[in-house]
Amino acid sequence: MATDTNTQIYHERQRLQFCLLHSLNNLFQQKDVFTRSSLNEIAEKLVLEEPNNETWTPLSVLFKPHHNALTGNYDINVLIAALEDKGKNVVWHDRRNGASSIDLDGPEDALMGILLNVPVRMFAGLWKSRHWVSLRKIDGVWYNLDSDLVAPQAFEDTEKVREFLDYIIGHGGEVLLVMNNKQ
């Protein structure tokens, strides 16, 4: 697929463990659609709504149920609440079906994009964590908007996107479809 060289792709780079923040802004293709403050507010609201509030300890100031106050590292609950606040619906892809069951060629007004939660190992495998990544179709071309990349990477075609998604699924990653309309 040919890409339009005039297409401007918004791409935030990784900072600390704010990959969810970066992946959401990359998905929406706009700076500050979500901010650290707005995601922290969502996380705090989720804590208040929980029926089984955990007991407070001195570490609760830093290590909150849905994020780390210093580094970010927000969880899936914050992601879903943030997207629902914007009128989006998150559909967890059934990994047993593989990527071939995802309609990547459908109208862009149905599937906004794809969020991935992938396992990562750092420091010679001593530290395991997870990382949020956005994929989005822009002007007919799918892009990997991973905040760890220097720049967005265009996929050659939808088959390459499916191969990438199958690789992610095969290596323990989760695939979440972000739908434009609540269904």
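**Exercises on a predicted fold**

**Exercise 1.** Leaving aside neighbours within four places in sequence, determine which residues N25 is in contact with, where contact means heavy atoms within 4.5 Å.

*Solution.* The residues that N25 contacts under this rule are Y10, E12, Q30, D32, V33 and F34. This is a predicted model, in which local features need pLDDT of at least 70 and side-chain atom pairs count only at pLDDT 80 or more, while totals for chains, interfaces and linings use all residues. Residues are numbered from 1 along each chain as its sequence is written, and side-chain values use heavy atoms, without hydrogens or water.

Next, place the residue: N25 belongs to helix 1, residues 19-28 (helices are DSSP runs of H or I with at least four residues, strands runs of E with at least two, numbered from the N terminus). With a relative accessible area of 1%, N25 is buried (under 20%; over 50% is exposed and the range between partly exposed, with a 1.4 Å probe and protein chains only).

Finally, look at V33, one of the contacts of N25: its backbone nitrogen lies 3.2 Å from a polar atom of the N25 side chain.

**Exercise 2.** Locate the residues that UniProt lists for "active site", and establish how far apart in space their C-alpha atoms can be.

*Solution.* The unreviewed UniProt entry lists C19, H131 and D146 under this heading, and such annotations may be inferred rather than shown by experiment. Although these residues span 128 residues in sequence, no two of their C-alpha atoms are more than 9.2 Å apart, so they gather at one spot.

Taking H131 first, one finds it in strand 5, which covers residues 127-138, and its relative accessibility of 6% makes it buried. Beyond its neighbours within four places in sequence, H131 has contacts with Q14, C19, L116, N117, V118, V120, D146, S147 and D148, a list that includes both C19 and D146.

Turning to D146, the loop between strand 6 (141-144) and strand 7 (153-154) holds this residue, which counts as buried at 13% relative accessibility. Apart from residues up to four places away in sequence, D146 touches H11, H131, V133 and S134.

The last step concerns the link between H131 and D146, whose side chains are joined by a polar contact of 2.7 Å (N or O atoms within 3.5 Å, one able to donate a hydrogen and the other to accept it, with residues adjacent in sequence counting only through side-chain atoms).

**Exercise 3.** Describe the surroundings of L39 in sequence and in space.

*Solution.* Helix 2, residues 36-49, contains L39, which is buried because its relative accessibility is 0%. When residues up to four places away are not counted, L39 touches L21, L24, F34, Y74, V78 and A82. From L39 to A81 the separation is 42 residues in sequence, and their C-alpha atoms are 9.3 Å apart.

**Exercise 4.** Summarise the whole chain by its elements, its burial and its contacts in sequence.

*Solution.* Begin with the secondary structure, which comes to four helices and eight strands, in the sequential pattern α-α-β-β-α-β-β-β-β-β-α-β. Of the 183 residues, 44% are buried. Strand 8 (residues 174-179) is largely enclosed by the rest of the structure, because five of its six residues are buried. Lastly, among contacts between residues at least 6 apart in sequence, 63% join residues at least 24 apart.
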